[in-house]
Amino acid sequence: MSKLTLVSSNKTFGGEQRVYSHESSEVGCTMKFGVFLPAEALAGTKLPVVMWLSGLTCTEQNFISKAGAQRVAAELKLIIVNPDTSPRGLNIEGEDDSYDFGSGAGFYVDATTNKWKKNYRMYSYVTKEFLSLVHDNFPTIPDKQGVFGHSMGGHGALIMTLKNPGMFSSVSAFAPISHPMECPWGHKCFGGYLGEDKDTWKAYDASVLVKTYDGPPLDILVDQGSADNFLKENQLLPEKFIEACKESNVPCVLRMKEGYDHSYYFIASFMEDHLRHHAKHLHH
Ligand SMILES: N[C@@H](CCC(=O)N[C@@H](CSC=O)C(=O)NCC(=O)O)C(=O)O
């Protein structure tokens, strides 16, 4: 069983918001993560788990302190876990040079380029090591797990669901980077982590992956703010994902939210809807 170190624990809404650290073999450094345990989980009852994946620049703290998820998660009896967004402190040249590459920007891929491939393995870290550690250490129901996320993390939630049919029973996203092969953030991260052969990028692009999805029926919820600067800069391209879902007969609802931007103010406004969406699929 993975050894966890408790970093902090705060009682909230009858449950506890905790932060742990552990030594990751997949990414080769100490990683922190958050876990919210409702009162029932603290008493030992097994509950479904929803994993949140954060966006560029985030640590485990952004979601914990800004998303306002704990009240509704307590009511719906959902454990929420949220990993960090990249390995940290590795002293790889260039890892801290920009907000959208390296630290805080693992992009949920397994790097293949020489400089990054040893440690930048966030896809395997999250889908294998992190989720196993969660099920080994907390009272979860392993076959009742969902995933959601924001921006880079929305991209992570979509690709992990599409690449692993049946792994997640529920999925949703806030302002996901929906077609990274065709946006500046995707070009920078895929180019850096995967190299210049764009064929290899397809394995991590939700708008490509959905076209060959072959698994249990999905019910994807996506919220997008209409006043999101990154939408205007063509970083997100949700319309491309919706188009691809339609072509592939994969049910996806995109809700445009008038006047909302890309921030956690937007996320907090619709967090309850998303958690209810997950609970509907996980509690039956
Ligand atoms: N101007 C910001 C850009 C970074 C940013 O907006 N990050 C978002 C996610 S964007 C896509 O993945 C975020 O969640 N930020 C953290 C927060 O608490 O708002 C910058 O340079 O930092």
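Sorted by class, the shell around the ligand in this predicted model holds seven nonpolar residues, six polar ones and one charged residue. That makes 14 residues surrounding the ligand, and the closest are L56, N62, K66, S151 and M152.

Let's look at how some of these neighbours meet the ligand. At L56, the backbone does the work: one of its polar atoms is 2.8 Å from an oxygen atom of the ligand. M152 also takes part through its backbone, with an N or O atom lying 3.0 Å from a ligand oxygen. S151 uses its side chain instead, where an N or O atom is 2.8 Å from an oxygen atom of the ligand. Taken on its own, the ligand has 540 Å² of accessible area, and the protein covers 72% of it.

Now step back to the space itself. The ligand occupies the largest pocket, and this is a good place to bring in the database record. In an unreviewed entry, UniProt lists S151, D228 and H262 under "active site". These three residues span 112 residues in sequence, but no two of their C-alpha atoms are more than 11.0 Å apart, so they gather at one spot. From this set, the lining of the largest pocket takes in S151 and H262.

S151 therefore links the two views, because it belongs to the UniProt set that gathers at one spot and has a side-chain N or O atom 2.8 Å from a ligand oxygen. As for D228, you can find this residue in the loop that runs between strand β8 (220-225) and helix α8 (229-232).

Terms used:
Residues numbered from 1 in each chain as written. Predicted model: local features only at pLDDT ≥ 70, side-chain atom pairs only at ≥ 80, totals over all residues. Heavy atoms only, no water. Near = heavy atom within 4 Å. Polar contact = N/O pair within 3.5 Å; in protein donor to acceptor, adjacent residues only side chain to side chain. Areas by Shrake-Rupley, 256 points an atom, 1.4 Å probe, with all protein chains shown as cover. 1 Å grid on protein atoms, 1.4 Å probe; cavity = no way out; pocket = protein on both sides within 12 Å on 5 of 7 lines; lining within 4 Å. Sits in = over half its atoms within 2 Å of the grid points. Nonpolar A, V, L, I, M, F, W, Y, C, P; charged D, E, K, R; others polar. UniProt positions renumbered as here; feature names shortened; annotations may be inferred. Helix = DSSP H or I, 4+ residues; strand = E, 2+ residues; numbered from the N terminus.
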